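Trainee: I'm new to this one and would like a close look at a single part: the enclosed spaces inside the protein. Could you walk me through them and then show me how they sit in the whole chain?

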Amino acid sequence: DEGELYVGCAGGLDANISMDYKEVEAPADTKAFKMMISGLKGGHSGMDINLGRANANKLIARLLKKAIDEFGARLASIDGGSLRNAIPREASAVVTIPLDKIDAFVSFVKDYTAILKAEFSATEPAMHIECQETAKPSQVMCEKCQHRLVNMVYAIPNGVMRMSDSMPDLVETSNNLAIVKVENGKVKIANLLRSSVNTAKDALGEKMKAIAELADAQIELTGAYPGWKPNMDSPILKTAMKVYQDKFGKTPEIKAIHAGLECGLFGVCYPHWDMISFGPTIRNPHSPDERVNIESVGKFWDFLVEILKNIPAK
């Protein structure tokens, strides 16, 4: 938001899981159904992770586990999420169901939809779940692989893992189960881990490795980037606070954010740099609803120019 000065951010780590699976002929005396979840808010996997929004990949895993355990569903494919740094808004899965259990399965999806809507009534009022008969695939995942995959997705931690002890209302550590793609013998799962504490980020990465190993899947921890530790004695922070007070007649808020900022990367290469991060007011980044407050852009620019005028010469 305009009027906020940021002095710290979280670091991140990608946990990319892959798994090959054996395909077998789709069972006889079955029909195929496509379960689809849509209408979720999604949002930024750092800034919005504490808002209690639903993750479409976690919801589809819940539906699949019940469908497999109670109705003998066989999984053909999953398609959930699209960006590693966005909370997934949509997910779908194609399954086959024995003919003698179709009515019970359709009733289950309807009943379980009501359960999920009730759980997320405050945060996901537009949640939509449907189940439609679709063309029957020729191949499905073997039962052993299906068991490994669904249990793994079900078990992967998602959301806030820990809140900060030092800054009120700041998320310290989280994970976003961002993407699940299952098709043609290949599984790809993308997670984005964040933490302002590097050791906590590493520990969460080890937890992800343990879950993948239990499922006999492969995992790569890549793309690590550092957090940015706040410095409340920062000279540029003091300058910016005074300029804002003088120009706009109020004190700016000092904050840290549970997302990656460029300052974290700059700080590794140039540890002597003194930095703050600020900008105009942005809402719902990394979603179709992303927007910027136009009036705040001009105010931000005037503030930036005034800071540059007031930086002490060395």
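Mentor: Sure, let's start inside. Counting cavities of 30 Å³ or more, you get 2 of them. Keep in mind as we go that this is a predicted model.

Take the largest cavity, which has a volume of about 50 Å³. If you want to find it on screen, pick out Glu2, Gly3, Glu4 and Leu5, and then Phe278, Gly279, Phe300 and Phe303, since these residues line it. Two elements give two or more residues each to that lining: the strand β1 (4-9) and the helix α7 (294-310). Now colour the lining of the largest cavity by class, and you'll see 4 nonpolar, 2 polar and 2 charged residues. The two glycines, Gly3 and Gly279, are in that lining, and glycine is put with the polar class here.

Now move on to the second largest cavity, with a volume of about 30 Å³. Its lining is made by Asn57, Ile60, Ala61, Leu64, Ile78, Val150 and Val153. Here the elements giving at least two residues are both helices, α1 (56-71) and α3 (143-155). Helix α1 has the largest share of this lining, with 4 residues. By class, the lining of the second largest cavity comes to 6 nonpolar residues, 1 polar and no charged ones. Asn57 is among the residues in this lining, and asparagine falls in the polar class.

Let's step outside for a moment. On the surface, Leu265, Phe266, Tyr270 and Trp273 make a nonpolar patch of about 400 Å². One of these, Phe266, sits in helix α6, which covers residues 262-269. Phe266 counts as partly exposed because its relative accessibility is 39%, and that class lies between the 20% and 50% cut-offs.

Finally, zoom out to the whole chain. The protein chain has 7 helices and 15 strands, and the elements we met at the cavities, such as β1 and α7, belong to that set. Along its principal axes, the C-alpha trace spans about 80 × 35 × 30 Å. There are 314 residues in the chain, and 47% of them are buried.

So where should you go back to for a second look? Try the largest cavity again, with β1 and α7 both in view, and then turn to the second largest one, with α1 and α3 switched on.

Definitions and conventions:
Residues are numbered from 1 along each chain as its sequence is written. This is a predicted model: local features need pLDDT of at least 70, side-chain atom pairs count only at pLDDT 80 or more; totals for chains, interfaces and linings use all residues. Side-chain values use heavy atoms; hydrogens and water are left out. On a 1 Å grid over the protein atoms alone, a cavity is a set of points where a 1.4 Å probe fits but cannot get out, and a pocket is an open set with protein on both sides within 12 Å along at least five of seven lines; lining residues have an atom within 4 Å of a point. Grid points are joined across faces, edges and corners, and a volume is the space filled by probe spheres set on the points. Patches are made of residues with over 30% relative accessible area and no salt bridge: like charges are joined within 9 Å, nonpolar side chains (Val, Leu, Ile, Met, Phe, Trp, Tyr) within 5 Å. Accessible areas come from the Shrake-Rupley method with a 1.4 Å probe; for residues, only the protein chains shown count as cover. A salt bridge is a side-chain nitrogen of Lys or Arg within 4 Å of a carboxyl oxygen of Asp or Glu. Buried means under 20% relative accessible area, exposed over 50%, partly exposed in between (1.4 Å probe, protein chains only).
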